[in-house]
Amino acid sequence: MVSSQGSDVMSLVDTLPVLAKTLIAGGAAGAVAKTAVAPLERIKILLQTRTNDFRSLGLTHSLKKVLQCDGPLGFYKGNGASVIRIIPYAALHYMTYEVYRDWILENNLPLGSGPVVDLVAGSAAGGTAVLCTYPLDLARTKLAYQVSDTGQSFRGGTIGFYRQPACSGIREVLTMAYKEGGPRGLYRGIGPTLIGILPYAGLKFYIYEELKRHVPEEHQNSVRMHLPCGALAGLFGQTLTYPLDVVRRQMQVENLLPMTGDGSNKRYKNTFDGLNTIVRTQGWRQLFAGLSINYIKIVPSVAIGFAVYESMKSWLRIPPRERSKPA
């Protein structure tokens, strides 16, 4: 009976078009990877945005502080929005990467057939996925930024830290953002996100495919190969674009901070103004706040993502694509 049901499932899987299978594989990869590192992601966001409350705390004390204020579930605060976002984001990211890559190769664009194709296709895929899912990333950051019992848990003038009541869910966050800024309010911080994701996504796929190219053919589908290649790809890509991630997070939570002297809560005019202002007022080190945690997080996150993606592709029987040739 069980084997009959299993064969029925595989028969159904075989009827799906390749793009649908790729979407499923990418969505599963993103959801598993994000949930696995959700506690570290929460701490990273707090270090990037709550400069007065968490800046002097290390990883261990930050984890204890969140546990004290929000309880064990506090480590996953905002993870619901993150997973809801990452499933379509990762699905689109992986799927459009395959589509853009195949399109470039089929149209004989002057990019050759080497790793540059992976760089361009990865960058375009990252930009596409961000534009389609950004409001959910905004909601995730705002929810993760909120810490319960602020008045009792943080001293030194942080009582009344919120300019407005804390939001309880994704819908409330998005509704509030829309009321305050209209459609543009849902995309606050999209500038540094796009500037960062284009090179990051491109480098991630470029490095991953370049590393895979040096792996013997018989080990191409080995999880032990996918994990280290994916980890190194995420590590290099994230390091180069991390300051832009800090600017993005601070822009996303601006409306939760006290008003500035001119009665506005908009601290940064654009991405480059954000970089300059952070260096001037918070010090250049703030551009790398949480980077050590990000190293701990990004390695398993990207590694798990690529490993699950490749495993899902194998389970869904997605035919192997043409490998890029060295330039």
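The following exercises, with worked solutions, concern a predicted model of a protein.

**Exercise 1. Overall architecture**

Task: Determine how many helices and strands the protein contains, and what share of its residues is buried.

Solution.
Step 1. The protein has 13 helices and zero strands.
Step 2. Read along the sequence, the pattern is accordingly written with helix symbols, α-α-α-α-α-α-α-α-α-α-α-α-α.
Step 3. Of the 327 residues in the protein, 53% are buried.
Step 4. Among contacts with a separation of 6 or more, 81% join residues 24 or more positions apart.

**Exercise 2. Packing of H3 against H5**

Task: Classify the arrangement of H3 and H5 from the angle between them, and state which residues make the contact.

Solution.
Step 1. H3 and helix H5 (residues 59–70) pack with their axes 10 Å apart, at an angle of about 100°.
Step 2. Angles of 65 to 115 degrees count as roughly perpendicular.
Step 3. H3 and H5 are therefore roughly perpendicular to each other.
Step 4. On the H3 side, the contact is made by Leu40, Arg42, Ile43, Leu46 and Leu47. On the H5 side, Leu59, Ser62, Leu63, Val66 and Asp70 take part.
Step 5. Sorted by class, this contact has seven nonpolar, one polar and two charged residues.

**Exercise 3. Packing of H3 against H7**

Task: Carry out the analysis for H3 and H7, and give the composition of the contact by class.

Solution.
Step 1. The axes of H3 and H7 come within 9 Å and cross at roughly 80°.
Step 2. Because of this angle, H3 is roughly perpendicular to H7.
Step 3. H3 contributes Ala38, Glu41, Arg42, Ile45, Leu46 and Thr49, while H7 contributes Arg140, Thr141, Ala144 and Tyr145.
Step 4. By class, the contact of H3 with H7 comprises five nonpolar, two polar and three charged residues.

**Exercise 4. Crossing of H6 and H10**

Task: Describe the crossing of H6 and H10 by angle and by handedness.

Solution.
Step 1. The axes of helix H6 (residues 79–106) and helix H10 (residues 190–213) come within 13 Å and cross at roughly 60°.
Step 2. This angle makes H6 oblique to H10.
Step 3. The crossing of H6 and H10 is right-handed.
Step 4. The residues in contact are Tyr89, His93, Tyr94 and Tyr97 of H6, together with Ile197, Ala201, Lys204, Phe205 and Glu209 of H10.
Step 5. By class, the contact of H6 with H10 has six nonpolar, one polar and two charged residues.

**Exercise 5. Salt bridges and their burial**

Task: For Arg249 with Glu41, Arg85 with Asp137, and Arg248 with Asp245, establish the N to O distance. Decide also whether the residues of these pairs are buried or exposed.

Solution.
Step 1. The structure holds twelve salt bridges.
Step 2. One of them joins the side chains of Arg249 and Glu41, at 3.1 Å from N to O. This pair links distant parts of the chain, 208 residues apart: Arg249 lies in helix H11 (residues 223–252) and Glu41 in helix H3 (residues 38–49).
Step 3. Burial requires a relative accessible area under 20%. Arg249, at 3% relative accessibility, therefore counts as buried, and Glu41, at 2%, likewise counts as buried.
Step 4. The side chains of Arg85 and Asp137 meet in a salt bridge at 3.8 Å, N to O. Here too distant parts of the chain are linked, with Arg85 in helix H6 and Asp137 in helix H7 (residues 115–145), 52 residues apart.
Step 5. Arg85 is buried, with a relative accessible area of 10%, and Asp137 is buried at 4%.
Step 6. Arg248 forms a salt bridge with Asp245, the closest N and O atoms lying 2.2 Å apart. Both residues belong to helix H11, three residues apart, about one turn of the helix.
Step 7. Arg248 has a relative accessible area of 11% and is buried; Asp245, with 8%, is buried as well.
Step 8. Glu41, Lys44, Arg85, Asp137, Asp245, Arg248 and Arg249 are linked in a network of salt bridges.

**Exercise 6. The setting of Leu198**

Task: State where Leu198 lies and which residues Leu198 touches.

Solution.
Step 1. Leu198 lies in helix H10.
Step 2. Its relative accessibility is 38%, so Leu198 counts as partly exposed.
Step 3. Leaving aside residues up to four places away in sequence, Leu198 touches Ser123 and Gly127.
Step 4. The C-alpha atoms of Leu198 and Val130 are separated by 9.7 Å, and the two residues are 68 residues apart along the chain.

Terms used: Residues numbered from 1 in each chain as written. Predicted model: local features only at pLDDT ≥ 70, side-chain atom pairs only at ≥ 80, totals over all residues. Heavy atoms only, no water. Axes fitted to C-alpha atoms, helices over the stretch in contact; angles between N-to-C directions. Helix = DSSP H or I, 4+ residues; strand = E, 2+ residues; numbered from the N terminus. Parallel < 35°, antiparallel > 145°, perpendicular 65-115°, else oblique. Left-handed = near helix turned anticlockwise from the far one by under 90°. Contact = heavy atoms within 4.5 Å. Nonpolar A, V, L, I, M, F, W, Y, C, P; charged D, E, K, R; others polar. Salt bridge = Lys/Arg side-chain N within 4 Å of Asp/Glu carboxyl O. Buried < 20%, exposed > 50% of the residue type's maximum accessible area, 1.4 Å probe, protein only.
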